[in-house]
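Trainee: Could we take a close look at one part of this model? Please start with a single loop and then work outwards from there.

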Amino acid sequence: MAQLSIPEKLSILADAAKYDASCASSGAIKRDSRGGKGIGSTDGGMGICHAYAPDGRCISLLKILLTNSCVYDCHYCINRASSNVRRARFTAREVADLTLSFYRRNYIEGLFLSSGIIRSPDYTMEQIVEVARILREEHDFRGYIHLKTIPDADPALVQAAGLHADRISINVELPTSAGLAKFAPEKDAGQIDRAMSGMKAAIEDGQDARRRYRHAPRFAPSGQSTQMIVGADDATDSQIVARAGTLYDRHALRRVYYSAFSPIPDASAILPLQRPPLMREHRLYQSDWLIRFYGYSPLEVAQAADEKGMLPLDIDPKLAFALRQRGLFPVDINRAPREMLLRVPGLGTRAVDRILSTRRWRRLRIEDVARLTSSIAKVRPFISAQGWQPVAMGDRADLSAWVKPKVRQLELFGG
Amino acid sequence: MHVFDLAAPDDFDGWRDHARGLALAAIPPEKVSWRVAGEGGDLFGQSGSQANRAGYQPLSVPRAFIDLARSAICHSDPERFALLYGLLLRVCATPAILTDKADPLIRRVEALAKAVRRDLHKMHAFVRFREVEGAGEGMRFVAWFEPDHHIVRAASGFFVDRFTTMDWSILTPDLSIHWDGARLRESPGATRALAPSGDPVEDIWKRYYAAIFNPARLKVKAMMKEMPRKYWANMPETALIGSLIAGARNREVAMVEQSQKWLPDGQEEGLSTHAIWSDLRKEAAACTRCVLHHCATQTVFGEGPVDARLMFVGEQPGDQEDLAGRAFVGPAGQLLDRALADAGIDRTHAYVTNAVKHFKFEQRGKTRLHARPNAGEIRHCRWWLDRERALIKPSLTVALGATAAHALMGRALSVSSVRGTAQMAMDGGETWVTVHPSFLLRVTENKEAEYRRFVDDLRVIARRLEALA
């Protein structure tokens, strides 16, 4: 095979990485390059999206694979051993140089490095860690680094990865272990689970050490995350939400990413040909938000799903929950506790904070609420306010027709 | 009317000094006017700045107000100084007033601050440095950016923190900033022509941008919301957006077409559908979806070519099928074979399966008497039938008997009511309903006539299948 140039390798290895959903640089600690030899900072907040691609996704990190050669044969993956894609491989130094030259020009927040498995999990993990080591130790790089770790790799290597990286992730790949057994025969759900709980313990140890010793090294300060593919197997939304709930709960994950299965070139015959509607992925993210920021339990989110366990595509899960639990409404905007305000469709966390803050000054009328939210139309049937009762609205059988969004986004490639 | 001079459009400290004195003197907002150095202000006012600047007197306001004012003052709205002074007087009177989010003035000032924060965030994100030869041995990085508001000073800290060891300049129409590794310097506004026009790394960056884009998803609106067109001129990668969007549709269609080559209509492709079918069959062998698996010997899955155009769906395996593990091998199966031969249909070209895959029976002594599956069992087992049908996609399906018709159509119906006309199955496939061959074994009156009628049904179906081809 002819030697590939760096841009050619980049094309191949970025293309191979694009099915990873995460590109976030959020949740980092605050860090800057003052007093150092190198460059880089992290802002401790939401992270920065340096560009957006026409797929609507944020480009925050240089997201590439070290190599797309892989000894595994996972059906959903474009890089599986039996796939007929062009293969390429970066050296650790090439990745480090590329990261720095992008970073200097303010194209990126840092690096998200993953890799196909070559030779052995340990060898691959060593190479990934080497990239992070070059960046951190040789170049004193203080930007964001997200490393994908391999569940079967030696714990010492994973430990080393955590010392260099801001965030560590291990993909659970598929929501059910039956799905994993079917689509990723070489991967073992138990092993993935063990690796994640090992990671959780290591992160907690690191935090504990920091509390005792000011100079203890930080271990993956942005925590760990994971990703699952939606629509490749037949797991229902309820199953997926329940699985995510367990992951947040048991492994203290920062984020669970959902990636709608995209038809990939050269797909395995066992896979569905059509992608699931993108809206499904969106609804799952919304339900994820409900769990993380709105105090819903996974079981409550499951109540928003239909009898087949799927979340409705035409309305968001919060509205679906409200339509099924009409007894909880209307919520008195002037008296209800925060938890109940958060259940009102159309009220976000910010709007709820504003309402709580404002009602210390006055009894809110519906016009006041309108000023504090982006759209009052959606909220109106579910609240009572000074001088406002949603008369009989809560009892209407056709309430959903009232509150459903009127315009449907057309499937661009439907039919 | 007092006019106060501010050194710069984002001169928070100057504004604070004046405003503190004014607030302590309880000067009402309508008596005060603000003028930024170098910009036209209120022509008719008299300068009253010096009187109030003398002497520092403390005036305490909540921290939240300082933060809000520091942001809002960077806005390009000429009224911002006056709005903030008005708000300051309110805050002095009622320190907690900022928590009243429904107050119009507070809403207005918060909107200013929000717009500024967004502009700052976008500047942090969308500044693109280009490398040029530096004065010394090192390289210099220069960017051109056009912010909406007066945020360049506010944004500079971010770039200093991040690129401490680099030499860089950010040029904007109103103000330019320069960092040499130790000191931040300001110079007047510049023009785009003064900034470098390119950088060799931009081509590599564009390749990355094109490669990381997933053409199977297109959400142009989401992109435009976060990266409005006004920023595009200074971002090299945006030159690709038009062609990426145009190419996306073709690329996805090509991908789906390519993967369709794996589907059943040729030799090699049939093999992989067969592999899925084998997996399905293996899974079904362990099925415990309903109670029938307790007593039956084994799951009797359908059989036949996976690219069959004709599918027969019977009721359930009988005694002999249950033991053999194959569909339609008992007496009813033999009768079906005979009828198919008479109608000129080759059974080896059809896929033959059952609505329910386990044998349901009542034990009478040593014999196992066939028992009719109930609606629940049919519903549970339809899971497998649906999968078989999704895989094989027959152009025509024959429901043998009422149970099969129930499974396919999703409701209980009598054979006589739908016999001889095309029906639509729940999944949309064309379905013909006729009797089950075991009926012909059971029936005592007009046995021959019933058999002929059955064969006639099959002939109609055979002709229909030809017509569909």
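Mentor: Sure, but first the naming: helices (H or I, at least four residues) and strands (E, at least two) are DSSP runs, numbered from the N terminus. Residues count from 1 along each chain as its sequence is written, while chains are lettered from A and ligands numbered from 1 in the order in which they are written. Keep in mind that this is a predicted model, in which local features need pLDDT of at least 70, side-chain atom pairs count only at pLDDT 80 or more, and totals for chains, interfaces and linings use all residues.

Now the loop. Between helix H6 (189-212) and strand S9 (224-230) of chain A you'll find A:Ala220. What makes A:Ala220 worth a look is a phi near 35°, which is positive even though the residue is something other than glycine. A:Ala220 has 27 other C-beta atoms within 10 Å, so it is buried. (Buried takes 20 or more other C-beta atoms within 10 Å of the residue's own, exposed 12 or fewer, and partly exposed is in between, with C-beta atoms placed from the backbone.)

Chain B offers a case to set beside that. B:Lys393 isn't a glycine either, and its phi is positive at about 45°. Its loop runs between helix H13 (375-392) and strand S13 (396-400) of chain B. B:Lys393 counts as partly exposed because it has 17 C-beta neighbours inside 10 Å.

Back in chain A, there's another backbone detail to check. Going from A:Phe329 to A:Pro330, the peptide bond is cis, with omega near 0°. A:Pro330 sits in the loop between helix H10 (317-324) and strand S11 (331-332) of chain A.

Next, helix H12 of chain A, residues 349-358. Its buried residues include A:Ala351, A:Val352, A:Arg354, A:Ile355 and A:Thr358. These sit on the same side of H12(A), because they cover an arc of only 160° around the axis (the arc being that of the directions from the helix axis to the C-beta atoms). As a reminder, an α-helix has 3.6 residues a turn, so residues three or four places apart point the same way. The packing partners of the buried residues of H12(A) are helix H11 (338-341) and helix H13 (366-372) of chain A.

H12 and H13 of chain A turn up again where the two chains meet. That contact involves 53 residues of chain A and 55 of chain B (two residues are in contact if their C-beta atoms, placed from the backbone, lie within 7 Å). On the chain A side, the elements giving two or more residues are helix H1 (6-17), strand S3 (51-52), strand S5 (61-65), helix H2 (92-104), H12 and H13. H1(A) gives the most, with five residues.

Stepping back to chain A as a whole, there are 15 helices and twelve strands. Its radius of gyration is 23 Å, close to the 22 Å that the globule rule gives for 415 residues, so chain A is as compact as a globular protein of that length. (The radius is taken over C-alpha atoms, and the rule is 2.2 Å times the number of residues to the power 0.38.) Of those 415 residues, 51% count as buried.

Chain B has 17 helices and 15 strands. With a radius of gyration of 41 Å, well over the 23 Å from the globule rule for 469 residues, chain B is more spread out than a compact globule. Along the principal axes, its C-alpha atoms fill a box of roughly 120 × 55 × 40 Å, and buried residues make up 38% of the chain.

Inside chain B, look at helix H5 (residues 104-126) and helix H6 (residues 152-162), whose axes come within 10 Å and cross at roughly 40°. That angle makes H5(B) oblique to H6(B). The residues in contact are B:Leu120, B:Met123 and B:His124 of H5(B) and B:Ala154, B:Ala155 and B:Phe158 of H6(B). (Axes are lines fitted to C-alpha atoms, for helices over the stretch in contact, with angles from 0 to 180 degrees between N-to-C directions; under 35 is roughly parallel, over 145 roughly antiparallel, 65 to 115 roughly perpendicular and the rest oblique.)

Finally, B:Phe301 lies in the loop between helix H10 (267-285) and strand S9 (310-314) of chain B. B:Phe301 is buried, with 23 other C-beta atoms within 10 Å. Setting aside neighbours within four places in sequence, B:Phe301 touches B:Arg281, B:Ala284 and B:Lys357. B:Glu388 is 87 residues away from B:Phe301 along the chain, with 9.4 Å between their C-alpha atoms.
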